[in-house]
Amino acid sequence: MTEIEFRVFDTAEFRVGEDDDGTFEGIACQYGKKDSYGTTFHPKVFRRGIDKNAYAYLWMHSPFDPIGTFRADEQDNFLHIGGLYDNTTAGRDARIKARSGSARELSVGFVRTDLPDWKKLAEMADEDRDDVLNNIRSARLVEVSQITARMAAVPGSKLKTVRSALGALYSETGEPTLAERLAEYDREHGRDSAIAHEVEQERKMQERARRAALLRLTTVGGA
C-alpha cells in the first residue's frame, strides 16, 4: 500500500540566491524532532530513498506546477536540498514569493518504507503500534514543494488527487488509507484507539466542509 505523506518543519534555513542566478537551498526535513503530526524522523531515514538524479521542485505539491529542480543529500541532522528555479513565469514568481516571505516554507513529500503489512500493524498492542507509526526510520523521497506561509498540510492528510499524473505511484486512488484500515480494524474488534478517533474526527470535518460547500452553491444558485 503506497501513500504519500507530507511534513512541514520549522525550517531555520531556506536561502534564495541574492543574484539573478535562481539558486536556492534549504532544510527539507529535520531529524530527531517531533513534528506537528507527532512523528519523528530518525537520522539516515532516506539513506536508501534518495535518487541521485534531479527532482522536480513543485509549487504546493502539484505535479502540474513545477517551479524548478533540486538535488538532495542527507546530513547528520537533516535532509538538505539545493536547486535552481526555472526561468519561467512560475519559477520567477515562486522565487519572488520566497524572498518576500509570503511563500517561504518547504514541505517534503515521501513514502514510508519501514512499515509492516497493515494487518500485522493492526494486531499489535497499542504501545507497539504507536512506536512504529510515530517513528519514521526509512522512507523514499518523492518531492519537495515550496508552500504558502502557514499552509502546511493538515496532520494525517494524504494526497488523493492528481494521482494519474505520476503513474504507478498513485495507482491506489480508491483504496483506503492506512489510518482508515487500522481504524476499521479497531472498530471491528472493539478497540478504543486514538487512530479510530482521529479518523472519525477527520470524517466529520470533511462532512461539515461538504455541507458548507453545498450551502454556498445553493445560496449562489438562488435555490
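Two strands count as paired when DSSP finds at least two bridges between them. The model discussed here is predicted.

**Strand 5 and its hairpin**

Strand 5 and strand 6 form a hairpin. Two residues lie between them. In that turn, methionine 60 has a positive phi of about 55°. The two strands run antiparallel and share five bridges. One contact along this pair sets tryptophan 59 opposite serine 62 of strand 6.

Strand 5 covers residues 55-59 and is mostly covered: four of its five residues are buried. Strand 5 also pairs with strand 10, this time in parallel, through three bridges. Here tryptophan 59 faces glutamine 146 of strand 10. Tryptophan 59 thus has a partner in strand 6 and another in strand 10.

**Pairings in brief**

| Strand pair | Sense | Bridges |
|---|---|---|
| Strand 5 and strand 6 (residues 62-74) | antiparallel | five bridges |
| Strand 5 and strand 10 (residues 139-147) | parallel | three bridges |
| Strand 6 and strand 7 (residues 78-85) | antiparallel | seven bridges |

**Onward from strand 6**

Strand 6 continues the pattern with strand 7, again antiparallel, over seven bridges. Within this pairing, threonine 69 has leucine 84 in strand 7 as its bridge partner.

**The whole sheet**

How are the eight strands ordered in the open sheet? The order is 1-8-10-5-6-7-3-2, with mixed pairing. Strand 1 (5-8) and strand 2 (14-16) are the edges, each pairing on one side only. On average, neighbouring strands of this sheet are turned by 35° against each other, direction ignored. In the order, strand 5 sits between strand 10 and strand 6.

Notes: Residues are numbered from 1 along each chain as its sequence is written. This is a predicted model: local features need pLDDT of at least 70, side-chain atom pairs count only at pLDDT 80 or more; totals for chains, interfaces and linings use all residues. Side-chain values use heavy atoms; hydrogens and water are left out. Buried means under 20% relative accessible area, exposed over 50%, partly exposed in between (1.4 Å probe, protein chains only). Axes are lines fitted to C-alpha atoms, for helices over the stretch in contact, and angles run from 0 to 180 degrees between N-to-C directions.
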